[in-house]
Amino acid sequence: MRCLSTMRWRRFRDKTLVFVLLFDLFLVFSFVSARDGNFVNSDKDVLLKFKSSVSDPLGILSGWNNRGGSDHCSWFGVSCDSKSRVLSLNITGGGSNSRGNTEALSCSKYAQFPFYGFGIRRSYFENDGKLKGKLSPLIGKLTELRILSLPFNDFNGEIPFEIWGLEKLEVLDLEGNSFTGILSPEIGGLKRLRVLNLGLNKIAGAIPGSLSNCVGLEILNLAGNQVNGTIPGFVGKFSNLRGLYLSINQLGGSIPKEIGSNCGSLMHLDLSGNFLVGGIPGSLGNCRQLRSLLLFSNMLEDIIPPELGKLENLEVLDVSRNSLSGSIPADLGRCMELSVLILSNMFDPLESLENLRGDSSFGLRSASLDDFNYFQGVIPSEITTLPKLRIVWVPRATLEGEIPSEWGACQNLEMVNLGQNLFTGEIPLVFGSCKSLHFLDLSSNKLTGKLNRKLRVPCMSVFDVSGNFLAGSIPIFNHGICPPLPPMNAAAQPFNPSSTYSSFFACKFQTGSLLPSFGASGSFGIFHNFGGNNLTGPLLSLPIAPERLGNRTSYAFLTGGNQLVGSFPRVLFEKCDGLNGMIANVSDNQISGPLPVEIGGMCRCLKLLDVSGNWITGSVPQSFGDLQSLVTLDLSRNRLQGQIPVSLGRLKNLKYLSMAYNNLTGEIPSSLGQLSSLEVLKLSSNSLAGEIPEDLVNLTNLTVLLLNSNKLSGQIPSGLANVTKLSTFNVSFNNLSGPVPLNEDLMNCSSVRGNPFLQSCHLFSLSQPSSDLQRRNGDLQNYEASPPESTNKSKGFNSIEIASVASASAIVSVLLALVVLFLYTRKCVPKSRVGGSERRREVTIFTDIGVPLTFENVVQGTGCFNASNCIGNGGFGATYKAEITPGNLVAIKRLSVGRFQGVQQFHAEIKTLGRMRHQNLVTLIGYHASETEMFLIYNYLPGGNLEKFIQERSERAVEWKILHKIALDIARALAYLHDECVPRVLHRDVKPSNILLDNDYNAYLSDFGLARLLGTSETHATTGVAGTFGYVAPEYAMTCRVSDKADVYSYGVVLLELISDKKALDPSFSPYGNGFNIVGWACMLLRQGRAKEFFTAGLWDSGPHDNLVETLHLAVMCTVDSLSIRPTMKQVVQRLKQLQHVRL
């Protein structure tokens, strides 16, 4: 019985245990189900709260709601797992445009974002609208989230801290928003992260070291932010990295060589638009899968490493806008996939970013970022024969030799820009076989020979061979069937570099070709430039193919500055009917005969006609008034007769009209007052009579009015003084009478001289305020440039004038007496200043010259700073010759006491200068500084200064080799100061008087470092900034922001003086107007093909012409306004050395 009870107990117990276990399982299941249900509801709640936290004007999230038990996993942009946990939130914003037709595909956007994101760039946006607001930190509660992708919306503020806690996150894509703040160090917690795309935001700060924990990264995009610091070496540890995009930031330092240590997967590397220095690491050659390498717009130096030739998959290489040098490595010819090669670039890909983002920090680029690369030698044929090459872009890079004749099959070749180099020889015939070639720029080289008729010029959108030495006639080119031109707004594919670069260059050229200046902005431009050569014969045909004609096509045909002959070429207008606009320049040739009487009906779409500087005779046809599209008309410097047609008053779009330097007669038609758009009117140097029409006062847009050297009579219309835009006015040498209208800034004696009957302006004035505007390229823009046309005429003096002269003489006498008194009292100054205790007579010596230098023997050697020993005066003080012992001479620069505040700081600064040693710097031997006396001791150079050398060389013949040596010596000294000194030294006052010579014509730069040490100069010849008028760079004078490029400008002016017989502000320039200087003179002569006239007497006849012209071009390049075009002094040295070694 007891046993039975036991058995029953055991059965009950077992059943109970089973029941308990089942109940426990039920509870666990219920708990889990409840928990999952809570998580699901939590994810849904997070999404709904996210929706409520953003602005959604176009209702992208309109389907996110709770109505009818809506399943959040089916909402737009949401993906879930099998348990309805949110795995992905993917909402790409767009714009207000229609689907698939976004702004990003327009030509303007290509210019703003030209080369961003190869390999990851989206080809289109998915939605029309954008989400706006701050990103909710509740996103951090989506704990199963793998993908957070919200690109191209309008989120702002900082990225929520909670995002960095999403441990399972694999993709974080917030590209194209306005997020600010820094990258949190907590980012290292995202160890599963594969894609980090934060491009095009406003994120600042350095790249955190904790990012190194994200070892699985495949895409790292921080481009287009404000990231600073350096590129961390640990990026080389990301073995899975396929794309590294750090462009358009503020990163400095060098490119870490570690990038190339573990880069087997790397396909795209973009470090452009930063402040990177140093060289391009050869280790990048290990990245064998690399398809795009973009390093443009940095401050990289040294050479292009030949190791890049190992990149067999490389398709695009852009190293432009750096400071690279050396030869172009032939090893690049092993990059068999290469299609785009950009080694220099005149177009700045970053210039539009500031306007696009509305953020000034985006556009603030150091001037040094714009330096161009200057290479040596030729383009290796190993590169030009690459089978897939489509774009070769190497303008203004000092390449020389002959253009390679081998370009492979060249079936893919589309764009070649080798302009503004030093190429010689003939244009390769192979270009005639390149059927896809639509852009060929070989301008401003030294090419010779004839134009081959096989060149497919009629098919090309751009053909520019201007500024060479080509001869023969312009042939009738054979072209066959022209292939379609690539569109300028081709769709931006994720990786299509050749199309992207082609679109960028086409857009830039269209907007920069000056076609828009003549009303052709809404059309596609074709640009054929044959100007500035030695082409002869008549013009036989217009080289544009029928396939290129169209009602949206504007055609610019430029042949100015040749030796074309024959009558006016009617063929210019034979294809006008098929064009939207026509621009024709045949100026400065030998075209003769009359203009066609029916010219007004020959080309109704004519925008510009320039036939100036020919031998055209006859009268100006009345039919010109029918050319209603005309914007510019230049008939100057011909042999035209007769009257100015009244019909010109119908040209409502005309902005520029010049008929100067002809023999036109009659009156100025009053109908010209109806030209409401007119900005420039030049009728000078004719035989026009009658009065100045009163109607001209209606020309409210007029800026230039030149009527001088005619036979005009009557009064100057008083209303001209009120034409607010008028800045250049000249009616000199006519027969005008009456009062001069009151406008001292515009109308003074210099602009009305030579009119004996004008009141209050009888005295002759040496100044002339009018300054002719300079032309650019001599073809399309600013057709107002003209040489001075007036001559001096002596006048008698009346009694009032005699009294004025007598009064002035008395004033001058008083001033002279005061000067004499000042000089007399000054004799006592040295005695008072050289006295004092022994403690104040210490002389610090940097260089031992073999004789003792003491305060006493220095002062005694100068004769107590006697004027007879003064060998120079400058803004910082006078320089004296001192003979310490017989035969031992030094130069003493006596500084003005009080120019420097703080003797102790002076000691520290001057010691830095004392350590500088260079063969072309004047040696700072020692110095003395006390409260009563300050002077510097330099080595004495018996050859005087360069200013004296230039003044006296007319008395003796000077060989080109000597001038070249002087130029090279100065350039070497400046390059040393800029690039080798630590800290770097900017001279800020480079001029001939600060350049000294020895007896062997070795040149030495003096006064270096004094501008910074002593402050700006204070003489009458100096500006408010350090420097001297005529030598100060325009951007320095206007902004007081100094850079090494300011020294480059000053050097360029010195170089111009060295090879000419003019001073920087030569008195002979006065007829050209205020502001005209040696730079303007050089540019004018080069533009007009009169370079020979620039050089000093005898130099052109004795010197090598090629060297002289190249030196002139180099000097002009040093003095251009654009800092991006000015070379560095290091590059100047390189170019001068090439002249020395190759051609002397």
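Trainee: Is K965 buried or partly exposed?
Mentor: Good place to start! Keep in mind that this is a predicted model. Buried means under 20% relative accessible area, and exposed means over 50%. K965 has 31% relative accessibility, so K965 counts as partly exposed.

Trainee: Which residue forms a salt bridge with K965?
Mentor: Side chains of opposite charge can pair when their charged atoms come close. For K965 and its partner, the closest N and O atoms are 3.7 Å apart. The two residues are four apart in helix α13, so about one helical turn separates them. The partner is D969.

Trainee: Is D969 buried or exposed?
Mentor: The cut-off for buried is under 20% relative accessible area. D969 has a relative accessible area of 4%, so D969 is buried.

Trainee: How many residues apart are R1135 and E1110?
Mentor: Nice one! R1135 and E1110 form a salt bridge, with the closest N and O atoms 3.0 Å apart, and both are buried. R1135 sits in helix α20 and E1110 in helix α19, so the pair links distant parts of the chain. Their separation is 25 residues.Trainee: Which residues are linked with E1110 and R1135 in a network of salt bridges?
Mentor: A search of the whole structure finds 21 salt bridges. In this network, E1110 and R1135 are joined by E400 and K446.

Trainee: Which element gives the largest share of the largest nonpolar core?
Mentor: That core has 178 residues, and F431 and M582 have the most contacts inside it. Elements giving two or more residues to the core include β2 and β25. The largest share, three residues, comes from α1.

Definitions and conventions:
Residues numbered from 1 in each chain as written. Predicted model: local features only at pLDDT ≥ 70, side-chain atom pairs only at ≥ 80, totals over all residues. Heavy atoms only, no water. Core = buried A, V, L, I, M, F, W, Y, C linked by side-chain atoms within 4.5 Å. Buried < 20%, exposed > 50% of the residue type's maximum accessible area, 1.4 Å probe, protein only. Salt bridge = Lys/Arg side-chain N within 4 Å of Asp/Glu carboxyl O.
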